[in-house]
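Visitor: Show me the model, please. I would like to ask how its labels are earned.
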Amino acid sequence: RQSVTLTAATSQLVERVRFTDGQAVARGAVLIELKNTEQNAGLAQAQAKLVQAKQEYDRWVTLSQKGFAAQTSVDQYRAAYLSAQADVAAAEARQADRTIRAPFSGVVGLSDVAPGALVNPGSPIVTLDDVSAMRVDFPVPERFIAQLREGQPITARVDAYPGQAFAGRIAKLDTRVDERTRAITARAEFPNADRRLKPGMMVRVAISHGRHQGLG
């Protein structure tokens, strides 16, 4: 259903690995924690400056309300307060980059990443697959379009399980026909609660056309 290879947004050392190979994880679960000592210090500093900026802004607002401060001074301290808020948000974002979370529920693959390893932006850390249902995209010749519909039953067979058919349905049909192949792409979905179907498997699909009756 969904598949992604997780990477880091920055170069940093791995502090903790919070998953085991093949583990099922929930959306938002922490998978990797990168070293973030510098980012924690930066966030604490930004938060302290925000508290100070807020106090100064509130003080000048009070003085202005009593007629002891010009509005221009209040605006100046308000701008400083808003800037301090932005600095905290930026520091929180830098800190969040040091935590890699699961973007959706699924199963993690095999990984060689261990505490102390250096990860770089774009370097693969681990794969995450939502295998609760499997999607299969396949072409159907143009002449059969009239016989296709979303929700239509479909069966699949794989070499790993000879003699066994997996039941599914056509979930979506593409909006256009490929001009080169004169075929439309159909997307089928197959329930996979037992996880027997794996991403990357070669499958053979068959579409049910229904039954026809005639007079004998």
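Guide: Start with Lys172 in this predicted model. Its bridge partner in S12 is Arg187.

Visitor: What makes strand S11 and strand S12 a pair?

Guide: Pairing takes at least two bridges between two strands. Five bridges join S11 (residues 166–177) to S12 (residues 183–191), so they pair. The two strands run antiparallel.

Visitor: Where do S11 and S12 sit in the sheet?

Guide: The sheet is open, has five strands and follows the order S9-S12-S11-S10-S13. Its pairing is antiparallel.

Visitor: Why are strand S9 and strand S13 called edge strands?

Guide: Strand S9 (133–141) and strand S13 (203–207) each pair on one side only. From one strand to the next, the twist averages 35°.

Visitor: What makes Glu189 and Arg135 a salt bridge?

Guide: The cut-off is 4 Å, from a side-chain nitrogen of Lys or Arg to a carboxyl oxygen of Asp or Glu. The side chains of Glu189 and Arg135 meet at 3.0 Å, N to O, so the label holds. Glu189 lies in strand S12 and Arg135 in strand S9, so the pair ties together parts 54 residues apart in sequence.

Visitor: Why is Glu189 called buried, and why is Arg135 called partly exposed?

Guide: Buried means under 20% relative accessible area, and exposed means over 50%. Glu189 has 13%, so it is buried. Arg135 has 39%, so it falls in between and counts as partly exposed.

Visitor: Which salt bridge joins Glu189 to strand S11?

Guide: Arg169 and Glu189 meet through their side chains at 4.0 Å, N to O. Arg169 is in strand S11 and Glu189 in strand S12, 20 residues apart. Arg169 is partly exposed because its relative accessible area is 39%.

Visitor: How many salt bridges does the structure hold?

Guide: The structure holds 10. One of them joins the side chains of Arg16 and Glu33, at 3.1 Å, N to O. Arg16 is in strand S2 (residues 12–17) and Glu33 in strand S4, 17 residues apart.

Visitor: How do you know whether Glu33 is buried or exposed?

Guide: Its relative accessibility is 17%, and buried means under 20%, so Glu33 counts as buried. Arg16 has 41%, so Arg16 is partly exposed.

Visitor: What makes the Glu33 and Arg18 side chains a polar contact?

Guide: The N or O atoms must lie within 3.5 Å. The side chains of Glu33 and Arg18 make theirs at 3.1 Å. Arg16, Arg18 and Glu33 are also linked in a network of salt bridges.

Definitions and conventions
Residues numbered from 1 in each chain as written. Predicted model: local features only at pLDDT ≥ 70, side-chain atom pairs only at ≥ 80, totals over all residues. Heavy atoms only, no water. Polar contact = N/O pair within 3.5 Å; in protein donor to acceptor, adjacent residues only side chain to side chain. Helix = DSSP H or I, 4+ residues; strand = E, 2+ residues; numbered from the N terminus. Axes fitted to C-alpha atoms, helices over the stretch in contact; angles between N-to-C directions. Buried < 20%, exposed > 50% of the residue type's maximum accessible area, 1.4 Å probe, protein only.
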